Amino acid sequence: MEHSAIAKPGVSIPRLEFFGRDFTASIVVFLVAMPLCMGIAIASGVPPEKGLITGIIGGIVVGALAGSPLQVSGPAAGLAVIVFELVRDHGLSALGPILILAGAIQVAAGIFRLGGWFKAISPAVVHGMLAGIGVLIVIGQFHVLFDERPLSSGPENLAAMPARLLGLSMDIQSAERAFAVALATIAAMLGWEKFRPAALRLVPGALVGVLAGTAVAIVFALDVARVVVPTNILSAVTPPDGTALSFLMNPSIIASAFAIAFIASAETLLSAAAVDKMHDGVRTDYNKELRAQGIGNLLCGWAGSLPMTGVIVRSSANVQAGAITRASAIMHGAWILGFVALLPFILRQIPMAALGAILVVTGWRLVSVRHARHLYRDYGVMPVTIWATTLIMVVATDLLTGVLVGIALTTLELVPHLRRLRLRVVEATGDDGAHDIALDGAATFVSLPKLVETLDRVPAGTPVRIDASRLDAVDHTSAEMLRDWFQRRRAAGNDTELTGGRGRIATLNDH
């Protein structure tokens, strides 16, 4: 049985209590997921029911197969920008074939055990990518606050923002009404998150914001654009037609599938690593998680819905709500299915501006300046340069170009160590039963999968001594991984000692 932080090692929790905690956690995740599934679909330029279908598949199917039991999968803001561009350039019918190919790539990556290599992607690149996505979501969804559609590119959306604000007047028209609903939504969401009573801490701010925006629109009978969903959710399932094969012969479509597979996998495994820090239970099996995500995206492609990833907002809500096993993620998908099948008329009351407001806040939070400050404080100028360059390139060009430029900059950290890139790892068992690990060479992102595999083999509860006296260099990617590993081991009460550490890892004994 899978345990989270709530289930302490050595303590047996009755099966009924497992179900009770998973049941309540699944309701919390469902309430968080519903507005985000629809909002991300709208930000992606597709009907909201496409996001709901992805949420259902992510919960019921991927939740049952996932390598990270407490991670929740569904449509992610991180892919909204690339999907918007794909639908704009190739049409909605191209999305299904692209996702089928992307899912097959993920399944193959999991089968060939490539999951560990995604850990080698620099945190500066990943967070820069997420920050760039956040900026694009904010400047795109800003126009939805006025009941207008986003423009075709980030720079165009940015340039048009002042005119939207300056175009407001005291003559109340559709734009002013929608903007009022959006402001009410944001105020309610942020106010609730700041002042909510402790007894209601699990009620998500996004839900409160959507309810407040909807209430304002209904009470004042505002004529604003509302969500449109079909009466029968099955009518939104659109399998690829006979043109699917022709799409897959298009080189740009193939490149898009690889881009989605790469970005979805990186975001999923970043989220899984974050979830692992939140609990003391089963660690993520990265290759199993990749296979599960691939199967999920294959199904999403067949259904003609949005791509999915593991998502940190829903996953953290799952852990904080007390989930213990994967049953919580599975049940949350069942709740989405039941709601859209039985109560679609409720969804049709939600203003589009309210969902846009939720995404503006969500996008803003992806721009983590705090992470940039952490990179500068602990690792210097180069990682911050990588973060900022990735962010700017994502906004100014496109997602894949931004990530590739960030990865290219990361390789510059290898230049001082080109003569000795190899990392030698020696394991032994000490006379006192401790697990001894000696590191010799340079710890860079090139050798990170090997180092991660070694550290993951250390048995829980066994004292560990790491000799870094012959470690010549550590890049910031490896240093971040070692810092997280040390913190997790010590939080679990395991004796972990570092000797001979210099530079970036000399401070690990202080954490």
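The following questions and answers walk through a predicted model of one protein chain.

User: What is the mean pLDDT of the chain, and over which residues is the pLDDT below 50?
Analyst: Since this is a predicted model, it helps to begin with the predictor's confidence, and 94% of the residues reach a pLDDT of 70 or more, while the mean of the chain is 87. One stretch falls below 50, although in the model it still has 33 contacts beyond near neighbours in sequence. That stretch is residues 1–14.

User: Which helix gives the most residues to the largest nonpolar core?
Analyst: The largest nonpolar core has 129 residues, and those with the most contacts inside it are Ile336, Leu347 and Ile466. The helix that gives the most to this core supplies twelve residues, and that helix is H6.

User: How many residues are in the second, separate core?
Analyst: This core stands apart from the largest one, and among its members are Ala25, Val28, Leu70 and Val319. Its number of residues is seven.

User: Is His143 in helix H6 buried or exposed?
Analyst: His143 belongs to helix H6, which covers residues 123–144. Beyond its neighbours up to four places away in sequence, His143 touches Glu148, Arg149, Pro150, Asn157, Ala160, Met161 and Arg164. Because its relative accessible area is 0%, and buried means under 20%, His143 is buried.

User: Which residue has a side chain joined to that of Gln106 by a polar contact?
Analyst: Gln106 lies in helix H4, residues 95–111, and its relative accessible area of 2% makes it buried. Leaving out residues up to four places away in sequence, Gln106 touches several residues, including Ala261, Ala264, Leu290 and Asn297. The polar contact between side chains has a length of 3.0 Å, and the partner of Gln106 is Ser265.

User: Why are the buried residues of H17 on the same side of the helix?
Analyst: The buried residues of H17 are His371, Ala372, His374, Leu375 and Tyr379. In an α-helix there are 3.6 residues a turn, so residues three or four places apart point the same way. The buried residues of H17 are on the same side because the arc they cover around the axis is only 160 degrees.

User: Which helices are included in what covers the buried residues of H17?
Analyst: The face turned away from the buried side of H17 carries the exposed residues Arg370, Arg373, Tyr376 and Arg377, so the cover is to be sought over His371, Ala372, His374, Leu375 and Tyr379, which are the buried residues. What covers them includes H6, helix H18 (381–396) and helix H21 (476–491).

User: What is the relative accessibility of Arg370?
Analyst: Arg370 lies in helix H17, which covers residues 369–379, and it is among the exposed residues on the face turned away from the buried side. To count as exposed, a residue needs a relative accessible area over 50%. Arg370 counts as exposed because its relative accessibility is 67%.

User: Which residue in the loop between H4 and helix H5 has a positive phi although it is other than glycine?
Analyst: The loop lies between H4 and helix H5 (115–118), and the residue in question is exposed, with a relative accessible area of 59%. Its phi is near 55 degrees, and the residue is Arg113.

User: What is the phi of Ala221?
Analyst: Ala221 is in the loop between helix H9 (205–219) and helix H10 (244–248), and at 64% relative accessibility it counts as exposed. Although Ala221 is not a glycine, its phi is positive, at about 50 degrees.

Note on methods: Residues numbered from 1 in each chain as written. Predicted model: local features only at pLDDT ≥ 70, side-chain atom pairs only at ≥ 80, totals over all residues. Heavy atoms only, no water. Helix = DSSP H or I, 4+ residues; strand = E, 2+ residues; numbered from the N terminus. Buried < 20%, exposed > 50% of the residue type's maximum accessible area, 1.4 Å probe, protein only. Contact = heavy atoms within 4.5 Å. Core = buried A, V, L, I, M, F, W, Y, C linked by side-chain atoms within 4.5 Å. Polar contact = N/O pair within 3.5 Å; in protein donor to acceptor, adjacent residues only side chain to side chain. pLDDT = per-residue confidence, 0-100. Arc of directions from axis to C-beta.
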